[in-house]
Each structure stands twice: as C-alpha cells, then as structure tokens.
Amino acid sequence: MAAFIPYFVLSPNTIMSILGYIKGPDKTVPTPAEDWRQATVDVVIPALNEENTIALCLESVARQTLKPRRIILIDDGSSDNTIEYAKTFCEINDMELIAIKRKEPIGKTPTIKRQSREFDSDVEFILDGDTIMESENYIERTVQELYQGKGIASACGTILPLRTKDRKKVFASPSLQKFLSKVPEASNDPSKNFFTRLYRGITNLYRGALYLFLQHFIYRGQMVFFGTMTNPVGCAVAYRRKYIKDLFDHYEPILGDDLTHSEDIFIGFALLNKGYRNIQLTDVYARSLEPEVPSLPRQVYLWSSSFLQSCYYFNSLLMTPFKSFKRFLNNIRNKRKSDKEYLEKRKIQEPYRQSFGIEHSKKYGRPMGWVLMTSAFEKVTFPVTLLILMILGLWEVLAITVIVETVLSLTLLAIIAKGRRVEYFFKGLLLTPLRYFLLMFDLFTIGRFAVDLWILKNRKWRK
C-alpha cells in the first residue's frame with residue numbers, strides 16, 4: 001500500500017508546483033529591447049460553424065483597449081451562417097474585417113501557418129470563433145508580456161468556460177443589440193434542448209473546477225519555477241509571428257500539417273525545444289465554449305494523445321533529467337567566462353534567460369523538461385496502476401489510494417478558491433466520478449498511441 005499512496009497523492013507535478021512557490025520567481029528585472037506599444041497586431045479568428053458565437057467573439061475584439069491592425073476571419077468551410085453573421089456584425093459596427101471563406105475544412109494548423117507567412121504583423125493573435133475575451137485589456141496585457149523578453153514566444157490569459165449568463169451579458173451590449181435588430185434570427189441561446197443545457201452545464205462545472213486547479217496552482221507553480229508552461233491555451237493566445245513562421249518553415253518539410261491531434265500542444269513543445277517560453281497571465285480572462293459531456297472523451301483523447309505524440313517528437317526535452325549533470329557543468333563553464341564587469345554592462349536583462357537553439361536542447365535538455373518527463377510518467381503510470389490494482393483484486397489498496405488522492409486534490413482546490421472554498425470543495429467532490437472516468441479513459445489513449453507507434457507505424461497524427 002505504501003508504494004502507491006505517497007506517489008499519487010503527492011504527484012511529481014504537484015511537488016514541482018509546490019517547489020516553485022517555495023523557490024520563488026527569477027528576481028531579474030526585465031529591460032525589454034523592444035517597446036510593446038510599437039508592435040503591430042493581427043487578430044486571426046479560425047471558425048467552423050460558429051454562427052452562435054462569432055458575433056460575441058467579434059464584440060470582444062471591438063472592446064479591446066489595444067486595437068488590432070487587422071481582423072482576419074478564416075471560415076474553414078462552415079455550413080452555417082458564420083461568415084454572413086461576421087460580415088453583418090462588422091458592417092453594422094464599423095469594423096474592418098478580412099473574411100476568407102474555404103470551400104471545405106482543412107484544419108486550424110494551416111490557418112496559423114498561412115497567416116504567419118502571408119501577413120507581416122509583429123504579433124499573430126489567435127482567437128477561436130467560439131471564444132470571447134472577457135477582459136477588455138486581454139490583447140494589451142498579452143502583448144505587453146510577450147515583449148518583456150526575447151525568449152517569450154507566446155502569451156495567453158486565464159481561460160474559463162463560456163456560460164449561458166456570460167452569453168446573455170454580452171448580448172445585452174449595444175453592439176450586439178444593433179446586430180440582433182438586423183439579424184433577429186441569430187439565436188442568443190444555442191442550448192434550447194434541455195439535455196444540451198444539462199450536458200453543457202455539467203461540462204462547465206467540471207472544467208471550471210479543473211481550470212481553476214490547473215491554472216491557479218499547477219501551471220502557476222511551473223511558471224514561477226521555470227518561467228514557462230508546457231504550451232499556450234490555444235483559443236486566445238498571442239504569438240510572436242516570426243517565431244511561428246520559423247517554426248512552420250522548419251517542421252512543414254518534415255511533417256506537413258500533421259502536427260499531432262492538437263496544434264497548440266505541438267507548437268508549445270516546439271517553442272520550448274528552441275529555448276522559448278510560453279507564459280500565462282492570471283489577471284486577464286477569456287471564456288471558451290466547452291463541449292457537451294458526451295463529447296468530453298473525444299476532446300480528452302485529442303489533448304492526451306497530442307501530449308504523448310509531442311513527447312515522441314521532442315524526446316530530447318523529456319531526457320532533460322538525464323542531462324542535468326552535463327548542463328550543470330556547462331553552466332559553471334559559462335559563469336567562469338562571464339566576469340562581473342560583463343554582467344554589469346549587459347543592458348538587456350531577461351528573467352529565466354537561457355541559450356536558444358534546437359542543438360542546445362539535444363545536448364543539455366531544458367529546465368522545463370523535468371515537468372514534461374514527470375507529466376508523461378504520471379499520465380501513463382497512474383491509470384495503469386489503478387487498472388492493475390483492479391485486475392489483482394486489491395480493492396482496499398485501490399480504495400485508499402483513490403480516497404486519499406481525492407481528499408488532497410479537493411483540499412488544494414478549496415485552498416486556491418479564495419472566497420468560494422466550500423463551494424469548490426463540494427463541486428470537486430460532486431465531479432470526482434467524472435474526473436476518474438476521464439482519467440481511466442486515458443488507458444484507451446495510451447493503448448491507441450502504443451499501437452500507432454509500434455504496430456501500425458502511423459505518424460499521420462492530425463485532428
């Protein structure tokens with residue numbers, strides 16, 4: 001019993017985040033070489049059958065304190081009124097819109113790639129058509145943080161579920177009221193069916209608690225410790241356009257557009273592999289439409305499989321713990337080369353500074369590689385161990401493991417939910433069965449990945 005309890009109750013990711021809070025952030029005061037106020041920003045909106053949210057999405061862009069140079073809507077072969085509603089909203093509210101209509105869906109990856117090549121902005125801001133920026137300074141804050149250092153490649157805010165009351169609040173705005181007067185058939189409530197509302201409500205409860213735990217504890221601890229998270233949350237993220245263009249120029253000849261089952265996870269890994277950072281802000285918020293409960297397993301499969309696929313492609317990052325001593329010696333050598341006078345003369349300071357380049361990652365790994373290794377190990381071993389306990393009939397050990405892990409998780413959730421601790425404790429308790437179902441569903445993901453990797457030799461991983 002003792003072999004299972006300590007590991008899964010205090011998992012590597014939990015320990016890593018706690019150590020991050022104890023260690024504290026890099027105390028280097030940044031002296032940016034570029035002024036973020038001079039950066040040009042293009043908002044790119046990939047959309048597929050988003051007629052129920054596209055006007056809300058555009059309204060949130062119109063409210064931003066930092067106005068983008070262009071708003072580019074890529075309709076990826078929608079069969080509904082997405083592009084018509086978008087054009088109407090922008091026409092009514094005097095917004096310039098570049099609308100590109102595809103005949104059939106080709107995916108989000110080509111959209112990010114093409115716009116990084118076809119336009120010349122400094123920042124490519126990706127905003128999904130089913131996402132709204134709740135904070136009016138969302139773009140401003142992400143761009144501001146993006147320019148705090150050359151090593152920062154992506155910046156996103158805190159992402160929360162889009163609820164019915166959030167939709168109603170946005171639809172009450174003057175710009176949406178003008179839109180509805182012109183297009184009364186545009187429904188402000190896509191969940192007319194009782195079961196649709198029920199399913200989405202359960203998902204929002206689950207994702208609300210999960211996002212709070214991940215973003216305000218796990219990811220935040222990683223950010224403090226390493227200055228980065230694994231990957232940006234791709235529904236509302238600011239990228240340095242040149243970095244993204246260079247990324248696709250490197251990987252397209254090798255992989256085409258088959259960048260795993262989730263492009264933002266692959267992009268995040270690829271940026272880490274180059275020595276860049278993905279940061280998340282906790283003072284600005286966006287809300288994204290979540291899938292209904294029956295669709296959750298598929299989305300979890302896409303995310304989990306993409307993580308495993310990215311681990312396969314960026315194996316050098318996962319091997320970081322085994323390269324630690326080599327990196328330690330290299331750091332000592334570099335310190336000897338840099339005397340105190342040189343450091344004092346350096347004008348451009350950047351927290352979490354590290355060498356750039358894929359070759360450096362191959363040779364020394366990256367500090368964030370510790371998180372990737374422990375995350376991969378945890379993702380595979382936890383559900384597999386629970387399955388083994390069930391097969392062996394060790395029900396008492398299984399029960400104690402699940403109970404203690406659940407109690408600790410709920411306690412941590414309650415601690416970080418300031419002002420709503422009791423509410424989130426019981427929300428988490430209510431949703432524990434769903435959490436464990438999705439956790440065990442990862443067994444399917446792991447099995448499918450293993451078959452693709454070692455039996456079918458399939459590398460065509462595309463959403």
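1. A good place to start is the strand pairing: aspartate 75 has lysine 101, in strand 3, as its bridge partner. Please keep in mind that this is a predicted model. The two strands involved, strand 2 (residues 70-75) and strand 3 (residues 98-101), run parallel and share 4 bridges.

2. The connection between these strands is worth a look too. Together with helix 4 (residues 82-92), strand 2 and strand 3 form a β-α-β unit, and the unit is right-handed.

3. Next, helix 9, which covers residues 194-226. With 33 residues at 1.5 Å each, helix 9 should span 48 Å, and the 45 Å between its end C-alpha atoms therefore agrees with expectation. Do check leucine 214 on your screen, though: helix 9 has a kink of about 35° centred there. Just after helix 9 comes glycine 227, with a positive phi near 75°.

4. Now the interior. The largest nonpolar core contains 91 residues, and Ile45, Phe125, Leu127, Tyr138, Val143 and Phe179 have the most contacts inside it. Helix 11 (residues 263-274) supplies the largest share of this core, with 7 residues. A second core of 10 residues lies apart from it, and includes Ala209, Leu412, Leu413 and Ala417.

5. Which residues does phenylalanine 125 touch, leaving out those up to four places away in sequence? The list includes Val41, Asp42, Val43 and Val44 on one stretch of numbering, then Met133, Tyr138, Ile139 and Thr142, and finally Ala236, Val237 and Ala238. Tyr138 is, like Phe125, among the residues with the most contacts inside the largest core. As general background, nonpolar side chains tend to be buried together in soluble globular proteins.

Terms used: Residues numbered from 1 in each chain as written. Predicted model: local features only at pLDDT ≥ 70, side-chain atom pairs only at ≥ 80, totals over all residues. Heavy atoms only, no water. Expected span 1.5 Å × (residues − 1). Bend = angle between axes of the 7 residues up to and from the residue. Pairing = 2+ DSSP bridges. Right-handed = clockwise from strand over helix to strand, strands pointing away. Core = buried A, V, L, I, M, F, W, Y, C linked by side-chain atoms within 4.5 Å. Buried < 20%, exposed > 50% of the residue type's maximum accessible area, 1.4 Å probe, protein only. Contact = heavy atoms within 4.5 Å.
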